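Student: I keep running into words like "buried" and "stacked". Could we go through this structure and check each label against its cut-off?

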Amino acid sequence: MPYPCPGIRVVRGPGWSGKDQDGGDGHVGTVLNVDSTKGRVTVLWDTGREFQYNAGYNDKFDLLVFDSGPTAVQQKGVVCDGCREEDIAGIRWKCSKCTDFDLCTLCYMEERHDVTHAFLRSLTRTSPVVRVPPRAGTARTQAKGMFKGATVIRGLHWRYGDQDGGDGTVGEIVTLGTYTGGCVRGAVNVRWQKSQDNLCGYRVGAGGQVALTVIAESNGWKYYKEHLPVLDVLHPETVRFQKGDKVRVHVDLETFTSVQRDHIGYRDDMKRCLDDVGTVVRPSEEGKAYVRVQYEDAEIWPLMSNSIAKVHSFEVGDIVKVTSNFNSAVQLQVGHGGWTDQMEDSLGKQGEVISIESDCDLKVKVDGRTWVFNPVSCTFMDKKAPPVVSPPSSDNRPTTTTPTSSKRTTSSGGGDIVDLLAKLRVSLSQTSSKQLIAAARDGDEDKVKAVLRSLDKSKIDDDTEG
């Protein structure tokens with residue numbers, strides 16, 4: 001199940017207003033339900049209390065992502081250099097100073113590696129990279145809840161009969177565990193009082209279920225509250241690009257260099273990617289975390305998708321500027337409709353996108369002529385201006401207007417009143433003229449008919465002066 005999803009372990013965040021619903025600062029809960037349309041989530045705290053919270057609604061963020069390992073999110077191919085965990089579960093923490101050095105959440109929070117080094121945080125393999133400050137001198141908060149040593153009883157999703165020895169029996173968490181499907185830290189192993197010889201495993205987050213309730217919490221690991229990401233289900237930190245998207249590198253040179261070098265390679269002449277806007281010519285393929293981006297000089301670079309941000313996606317009606325570089329324009333047209341000598345007149349000029357081809361090429365109208373251009377050759381300038389409503393003419397005759405609303409009123413004969421009035425040439429008094437124009441503008445059919453009935457029918461179609 002793609003992130004964000006039920007099972008995320010959370011703590012109170014920057015927008016918290018729930019007083020002690022969670023049991024106090026540092027207490028941990030589990031996301032049971034995600035409403036990605038409203039930006040709300042339902043959380044069950046380890047103490048057994050259940051509430052709803054903002055996770056993007058009205059730009060409010062009540063919660064922080066404490067651990068996404070229980071959701072089975074894995075950083076495929078990334079090994080923790082602290083504990084040697086393969087395919088790091090949950091958030092990845094990458095040192096911005098050292099080459100190819102990564103930590104899992106537990107090792108990062110336990111202050112492995114040089115705490116004076118800044119790290120790069122990514123929620124998933126395709127998430128944008130976020131630089132966090134060094135840990136040195138930063139206070140940590142103690143996590144509390146269902147950790148080793150906590151006393152527990154049956155909880156909301158108990159489905160195990162009398163495996164615990166009977167309702168009301170207490171047990172002690174011995175270890176955190178991994179639930180089937182790669183839900184790391186999504187389960188716990190419990191020793192019940194009535195069966196001391198057996199350890200039984202139960203969900204605490206895996207699949208969005210929590211089988212236990214804590215009655216005597218225990219301490220987990222300490223965490224850097226300011227370094228954790230907010231839980232945002234409206235705009236989750238996953239980047240998806242389409243062919244033709246305009247993109248720009250959104251991280252600093254140090255971060256860009258580090259991320260590129262560790263994954264797909266880096267060359268010094270790639271620095272120009274930080275200054276220019278490029279165009280996606282090949283989106284990410286399955287299992288790949290990079291896209292191919294082409295620039296106006298026709299150079300194509302593979303860039304990590306978590307280092308770039310979308311600037312614009314072309315739409316019909318966009319005003320664009322065609323490149324003024326003749327050599328690049330000709331080269332970029334190969335495989336995109338070709339080049340003709342007449343197209344040179346369009347270089348450096350602005351035009352309107354009138355359609356977008358299935359391969360994302362743009363049909364652009366420039367100076368009355370339409371050409372097919374490679375989107376790499378075009379720079380977005382503005383949206384097409386909406387039609388302007390013309391005021392009544394000075395000779396008091398109704399003139400053609402463009403309605404400013406989608407509400408259209410038609411006469412009983414099926415014609416559009418606004419259009420029909422524009423065709424009439426009637427001698428009107430100043431009062432009648434104003435009434436007729438106002439009624440037509442408001443779509444008031446009865447009023448229009450009443451004004452027209454009051455006219456002198458013999459004057460219809462007569463030209464008038466003044």
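**Checking the labels**

Tutor: Sure, let's begin with Y53: its relative accessibility is 3%, so Y53 counts as buried. Keep in mind that this is a predicted model.

Student: What makes 3% count as buried for Y53?

Tutor: The label "buried" goes to anything under 20% relative accessible area. Y53 has 3%, so Y53 is buried. W45 passes the test too: its relative accessible area is 1%, so W45 is buried.

Student: Why is N58 called exposed?

Tutor: Here the cut-off is over 50%. N58 comes out at 53% relative accessibility, so it counts as exposed. You'll find N58 in the loop between β4 (50-54) and β5 (63-67).

Student: And A298, buried or exposed?

Tutor: A298 has a relative accessible area of 12%, and the limit for buried is under 20%, so A298 is buried. A298 is in a loop as well, between β21 (290-294) and β22 (300-304).

Student: What is noteworthy about the phi of N58?

Tutor: Its phi is positive, near 50°, and N58 isn't a glycine. A298, not a glycine either, has a positive phi of about 80°. As background, most residues other than glycine have a negative phi.

Student: Back to the rings. How many aromatic pairs does the structure hold?

Tutor: It holds 18 aromatic pairs. One of them is W16 with Y53, with 5.1 Å from centre to centre and 25° between the planes. That pair ties together distant parts of the chain: W16 is in the loop between β1 (9-12) and β2 (29-35), Y53 is in strand β4, and they are 37 residues apart.

Student: Why is the pair of W16 and Y53 called stacked?

Tutor: Two checks. Ring centres must lie within 6.5 Å, and planes under 30 degrees apart count as stacked. With 5.1 Å and 25°, W16 and Y53 pass both, so the pair is stacked. Both W16 and Y53 are buried.

Student: Then what makes W45 and Y53 edge-to-face?

Tutor: Their centres are 5.9 Å apart, so they do pair, but their planes stand at 75°, and edge-to-face starts at over 60 degrees. W45 and Y53 also belong to one aromatic cluster, together with W16 and F51.

Student: How do you know that the charge of R135 sits over the ring of Y108?

Tutor: The distance part is a limit of 6 Å from the ring centre. The charged end of R135 is 4.6 Å from the centre of the Y108 ring. R272 lies over the face of Y295 in a similar way, at 4.5 Å from the ring centre.

Student: Now strands. Why is β15 called largely enclosed?

Tutor: Count its buried residues: β15 (residues 183-192) has 10 residues and eight of them are buried, so the strand is largely enclosed by the rest of the structure.

Student: How do you know that β14 and β15 pair?

Tutor: Pairing takes at least two bridges. Strand β14 (residues 171-179) and β15 have eight, in the antiparallel sense. For instance, I173 is bridged to V190 in β15. β15 also pairs with strand β16 (residues 200-203), antiparallel again, over four bridges. There, V188 has Y202 in β16 as its bridge partner.

Student: And which residue in the turn between β14 and β15 has a positive phi?

Tutor: That's G181, at about 100°, in a hairpin with three residues between the strands.

Terms used:
Residues numbered from 1 in each chain as written. Predicted model: local features only at pLDDT ≥ 70, side-chain atom pairs only at ≥ 80, totals over all residues. Heavy atoms only, no water. Helix = DSSP H or I, 4+ residues; strand = E, 2+ residues; numbered from the N terminus. Buried < 20%, exposed > 50% of the residue type's maximum accessible area, 1.4 Å probe, protein only. Phe/Tyr/Trp six-rings, centres within 6.5 Å; stacked < 30°, edge-to-face > 60°. Lys NZ or Arg CZ within 6 Å of the ring centre and 35° of its normal.
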